[in-house]
Amino acid sequence: MQTRDWDQMDDEAFRLEVRKFFQQQFPEHLRYPPHHLSWAQTKDWYKKLYAQGWAAPAWPKEWGGMGLNGSKMLIFIEEQERHGVARTPDMGIILLGPLLIRFGNEEQKKEILPSTLSGDFIWCQGYSEPNAGSDLAGLKTEAVLDGDEYVINGSKIWTSYAMDATHMFILVRTDKAAKKQEGISFLMLRMDTPGITVRPIKNLLGVEVFAQVFLDNVRTPARWLVGKPNQGWTMAKALLGFERISIGSPKLAQAGLEKLEQVARQQGLMKDPAFVDRYNQLRLDVADLGSTYGRFAEIVKRGGTLGPDVSMLKILATETYQRLTELTLEAAGDAGGLAGKVDFNGMPIDILSPFYMARPSTIYGGSNEIQRNILSKNVLNLPG
């Protein structure tokens, strides 16, 4: 594994090195996938990233990360997008890792972080429940302390990558008498523990990315409690901040803008002033998204706490991407209704898959209506 002080490298030199690696090393058949890929499909690529020392670009170097600052993190993401680098099942890298680095004890860090970084531990997130999606604090999955173990009962839904995961980090209710936010704890568990049932859910593309997970008397070690009992809500909010940083990445929007331009040029629309005006507005929106993302990424890099204003990032990213896919569908004309890659004068372009993938993006990770309520109450101080 390579370890270097990337902060000492000029941004443009860093970009060229990252670009060369992705261009030469990322498998051609995995570029620009129409949907999220499984661990089996991306494992070899992840192992190559790990060997390069690039599996966790935002983690501190002391835990095997690249320790990238905000500007270099954006460059890394931009070059991934340029070469169509597929996302791996990365909940442990993007979400759990930063949370453990901040809140976990030394034993947990030493036990969990190296195996997560190496890809031996693949994580899924147990947050949403059938009756507690946007109202996450209303979760009902319970955990009761029994000796040196917690016993968990309940279910989680919309659990991404649950079919691939070896482990789950989960929010559970450990005090039913406390107020909603005050009786929640943060636990980790193994997915091969007796009592766990995973039921896959197909998305609009017919791909099984999500699942409902049932937990029936599932036992996990008490030492895998992160933080203190009944104080998991603080960590949950921090993790939601990390998740909104991830969802707010400009990568999808940048790829969507490039695809829109390709379709528009093939259709002769770049000579249409009305279309060009709409295209330029979206181009500016994507630029705004990149700038906004960079500001929040810099806060994370400094070890700062993300405030409620990070909700604006999730709104901007998902709604910009939706508008991009909608205009691309419109620009494609009759071909916009065809599934799979469509030939545009010798250029194969998939129109429908990104459009379908963009539909739920304003719902998962906390619906955009909830994000607006957070901004209204906690940033603008408007009455509830």
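How many helices and strands does the chain have? I counted 11 helices and 10 strands. Note to self: this is a predicted model.

**Overall build**

I checked the radius of gyration next. It comes to 21 Å, close to the 21 Å that the globule rule gives for 384 residues, so the chain is as compact as a globular protein of that length. I also boxed the C-alpha atoms along the principal axes and got roughly 70 × 45 × 40 Å.

Then I looked at burial and contacts. Buried residues make up 52% of the 384 in the chain. Of the contacts with a separation of 6 or more, 73% are between residues 24 or more positions apart.

**Surface and charge**

I get an accessible surface of about 17800 Å² for the chain. Carbon and sulfur atoms own 51% of that surface. For charges, I have 44 positive and 45 negative side chains. The centres of those two sets lie 2 Å apart.

**Helix H3**

I picked H3, residues 70-82, for a closer look. Its 13 residues reach 18 Å from the first C-alpha to the last, close to the 18 Å expected at 1.5 Å a residue. Is H3 largely enclosed or exposed? I find 10 of its 13 residues buried, so H3 is largely enclosed by the rest of the structure. I expected the hydrophobic names on the buried list, and they include Met73, Leu74, Ile75, Phe76 and Ile77. Charged residues are on that list too, among them Lys72, Glu79 and Glu81.

**Helix H9**

On to H9, which covers residues 311-331. I read 30 Å from its first C-alpha to its last over 21 residues, close to the 30 Å expected at 1.5 Å a residue. With 15 of the 21 residues buried, H9 is also largely enclosed by the rest of the structure. Just past the end of H9, I noted that Gly333 takes a positive phi of about 65°.

**Tyr161**

Where does Tyr161 lie? I found Tyr161 in the loop between strand E3 (149-156) and strand E4 (167-173). Why does Tyr161 count as buried? Its relative accessibility is 5%, and the cut-off for buried is under 20%, so Tyr161 qualifies.

I listed what Tyr161 touches, leaving out residues up to four places away in sequence. The partners are His36, Leu37, Arg87, Thr88, Pro89, Met91, Cys124 and Val209. I also took one distance from Tyr161, to Val286. The two are 125 residues apart in sequence and 28 Å apart in space, C-alpha to C-alpha.

How values were computed:
Residues numbered from 1 in each chain as written. Predicted model: local features only at pLDDT ≥ 70, side-chain atom pairs only at ≥ 80, totals over all residues. Heavy atoms only, no water. Helix = DSSP H or I, 4+ residues; strand = E, 2+ residues; numbered from the N terminus. Rg over C-alpha atoms; globule rule 2.2 N^0.38 Å. Buried < 20%, exposed > 50% of the residue type's maximum accessible area, 1.4 Å probe, protein only. Contact = heavy atoms within 4.5 Å. Areas by Shrake-Rupley, 256 points an atom, 1.4 Å probe, with all protein chains shown as cover. Lys, Arg positive; Asp, Glu negative; His and termini not counted. Charge placed at Lys NZ, Arg CZ, Asp CG, Glu CD. Expected span 1.5 Å × (residues − 1).
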